[in-house]
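Here is a short briefing on how the two parts of this protein meet. Have a look at the structure first, then walk through the points below.

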Amino acid sequence: MIKYMVIGDPISHSRSPGMQNAAFEACGLGSPYGRRHVTPEELPEFVKFARKELAGVNLTVPHKAAVIPLIDRVDPEAAAAGSVNTLVIENGKIFGTSTDGYGLEHALLANFHRPVRGAAFCFIGAGGAAHATAFHLAGCGARAIRLANRTIGKAEELADRLRQRNPELLVETAGIGDTEQLARWFADTDFLIQATSLGLRPDDPAPFPLELLHSGLPLSIFDTIYRETPLLKRAGELSLPCAGGMDMLIYQGAKSFEIWTGRPAPIEAMRRGFLEAQPC
Ligand code: NDP
């Protein structure tokens, strides 16, 4: 019986059902995880259904912020970030949290073996993914978070919220076209996080001029997108440490699984489930 599901608009591309059912099956818990296409207009009705019928939900675009006023309790970090990707439902009460930041933190550790505490981050993009993950990294003891975005106002809004919650943190903003500022930042960055949606389509350009990268830079590059993007290709050519978004997706799902079941997530089973999952 389906007791868990991922919802979004669109949703057919999601590999979460394959990945989560692989985890449930590895623990002898069957295949209780489904997917449902839910439009923004349908979200309130879906939440009523989930309250009665489900034990857990993952949310993806465009529901991560919209669900917050519809549920009973929200984790303070997720509330500050304005982004919830995991619902836990018990006795008709719904608790919301976000595992995206945990997913990014553990993907960085798994790929680069460098600590997050004390590190300087440069985010390209200031949308939902940047919001959820930047708050988590700040909470993990990041030294600096720099935000470059096409719409500078969105970067400034996120920066203000980060500064309010983390007065010690260095937070800076720039327009994505300010190449002089980006070049200065890259020379003092441990992790460059590509968090725009550019790269989702095969013919998308890079989000900033790739000439700004060179092999002497001290940074590790993480692209939240899990196909090879022009950024990852260039980073590989320059032998800069780099990784795509697959592990972020796996670790955010692993954390959701652990919250729901109270069991350690079988990471390798989830990785196999992710790789075998066919979008439908
Ligand atoms: P949002 O729609 O909230 O934000 C999109 C971001 O991309 C904004 O910063 C936006 O800038 C920027 N952007 C979009 N188009 C352009 C463009 N043509 N030029 C420059 N910047 C552009 O999306 P999310 O934050 O939710 O997702 C961002 C990415 O993160 C997606 O690619 C998604 O696949 C990935 N992701 C990966 C996860 C994983 O587990 N691997 C988890 C969650 C997300 P502006 O503000 O100016 O519009």
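## Two domains and their interface

This protein splits into domain 1, covering 4-98 + 247-276, and domain 2, covering 101-244. Please keep in mind that the model is predicted. The C-alpha centres of domain 1 and domain 2 are 25 Å apart, and their contact draws on 16 residues from domain 1 and 19 residues from domain 2.

**Buried area**

- The size of an interface is often given as the accessible area lost when the parts come together.
- Here, domain 1 and domain 2 bury about 1500 Å² between them, and carbon and sulfur atoms account for 63% of that area.
- On the domain 1 side, E77, M248 and Y251 contribute 39% of the area buried against domain 2, more than any other three residues.

**Polar and charged pairs**

- If you look for salt bridges across the interface of domain 1 and domain 2, the rule finds 0.
- Polar contact does occur across the interface of domain 1 and domain 2: the rule finds 3 residue pairs, with both residues at pLDDT 80 or more.

**The domain 1 side**

- Two helices, α3 (76-81) and α9 (246-261), each provide at least two residues of the side of domain 1 that touches domain 2.
- Of the elements on this side, α9 gives the most, with 6 residues.
- By residue class, the side of domain 1 that touches domain 2 holds 8 nonpolar, 4 polar and 4 charged residues.

Notes. Residues are numbered from 1 along each chain as its sequence is written. This is a predicted model: local features need pLDDT of at least 70, side-chain atom pairs count only at pLDDT 80 or more; totals for chains, interfaces and linings use all residues. Side-chain values use heavy atoms; hydrogens and water are left out. Domain bounds come from an automatic or database domain assignment. Contact means heavy atoms within 4.5 Å. Buried area is the accessible area (1.4 Å probe) that two parts lose on being put together, summed over both. A salt bridge is a side-chain nitrogen of Lys or Arg within 4 Å of a carboxyl oxygen of Asp or Glu. A polar contact is a pair of N or O atoms within 3.5 Å; within protein, one must be able to donate a hydrogen and the other to accept it, and residues adjacent in sequence count only if both atoms are side-chain atoms. Helices (H or I, at least four residues) and strands (E, at least two) are DSSP runs, numbered from the N terminus. Ala, Val, Leu, Ile, Met, Phe, Trp, Tyr, Cys and Pro count as nonpolar, Asp, Glu, Lys and Arg as charged, and the others, Gly among them, as polar.
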